[in-house]
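Open the model in your viewer and keep the sequence panel visible. The stops below go through a group of strands and then a helix.

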Amino acid sequence: MGKMRRDAPAATVMVGARCRHPAREPVPSGDGRHPVQPFHASGRPTMNRYLRVPPLLRAFLAAPLLASLSAAVILPGSTPVRAQEPATRLVILGTGTPIADPDRFGPSVAVVVGEESYLVDAGAGVVRRAAAAARNGIAALAPSNLKRVFITHLHSDHTVGLPDLMFTPWQNGRNMPVEVYGPPGTLRMTTNIEEAWVEDVHMRLFGLEGRTAHNYRAVTSEIEAGTVYDDGTVRVDAIPVQHTSWPVSFGYRFVTPDRTIVISGDARPSPSLVEACNGCDVLVHEVYSRDFFDRHRNQTYHAAAHTSTAEVAALAMEARPGLLVLYHQLYRSATDEDLIREVREAGYAGRVVSAADLDVY
Ligand SMILES: [Zn+2]
Ligand SMILES: [Zn+2]
């Protein structure tokens, strides 16, 4: 059982809870060649086309698609079987790395169950990507609904969006502070972010804007491995992973009413992730290409920090996910197709896809 949290009203308080909040004023409460995209057209080109359609027309056009998704599937000689969308959706907000690729925002993934969203990491542009997903019909990712995030580790590419996640939804009507769960050091980070924007906060509270609520605040819980969150619908387990010399770095397992999803964060091959998945529905795993590794000047670092295509294949063969989603990809000149091919060449025959920003699985 992990340590955690105190004061998010909807969630069960876990044994050993340790919520550390700055003592200030109280806060108000398939196969890879055919990407698996069961619910949504995904990927940037489709997204761009989608966004140019006016909302009313978009709703009209979307109706037959939605109808077909839930249509009955009738096999010859069989009883009709209704194809069901899982209630839980996995939304890839950002697949990027520290390399500033304009097509790939910083690493962030959302698990969405009904009207609630559960974010993992806050990479660059996280709130804009969430808003794009909301515009595509996932209302739980509207900026005002971004209420909680689970941080894997404190590398800047995974956390540079934290100020965005704290302050932007405040301006977009979030009616509560954001809950931030993460390893030791997370509290110092969120405290310093609040401090860094103190002039902004002062102006918005006491200038003509006349804001009163302090919903830019972070309610921060520094966690240990184990169950760190349970609101009766979704349980979140922090999985210790190995990532260079970080003393504490997590992957996360989400157990929802209909799916189990494991997200690696940054990790070299970690047996704990195999154990956490163990036949899970979806394993979202970071990866680097053979080409990236071969041409990198610091191979020692990358072997200690990250997971190659061959390693992720071996790991997935043991973990047996229903779907393997590659994200946080380090390509160099490799392509998504190359990544999938390398995974196949390493012997993995299960369903695998290389994710793009705003894919939904
Ligand atoms: Zn990292
Ligand atoms: Zn990273």
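How many bridges join E4 to strand E5 (residues 116-120)? The number is 5, and E4 and E5 run antiparallel. Strands pair if DSSP finds at least two bridges between them; helices (H or I, at least four residues) and strands (E, at least two) are DSSP runs, numbered from the N terminus.

This is a predicted model, in which local features need pLDDT of at least 70, side-chain atom pairs count only at pLDDT 80 or more, and totals for chains, interfaces and linings use all residues. Residues are numbered from 1 along each chain as its sequence is written, while chains are lettered from A and ligands numbered from 1 in the order in which they are written.

Select the hairpin that E4 and E5 form, with 2 residues between them. Gly114, in the turn, has a positive phi of about 60 degrees. Val113 has Glu116 of E5 as its bridge partner.

Now select E4 itself, residues 108-113: 6 of its 6 residues are buried (20 or more other C-beta atoms within 10 Å of the residue's own, against 12 or fewer for exposed and in between for partly exposed, with C-beta atoms placed from the backbone). Ser108, Ala110 and Val112 point one way, and Val109, Val111 and Val113 the other. In a regular strand the side chains alternate between the two faces of the sheet.

Add strand E3 (residues 88-94), which is antiparallel to E4 and joined to it by 6 bridges. Gly94 stands opposite Ser108.

Last, go to helix H6 (residues 186-196), where Thr186, Thr190 and Glu194 are buried. The face turned away from them carries the exposed residues Asn192, Glu195 and Ala196.
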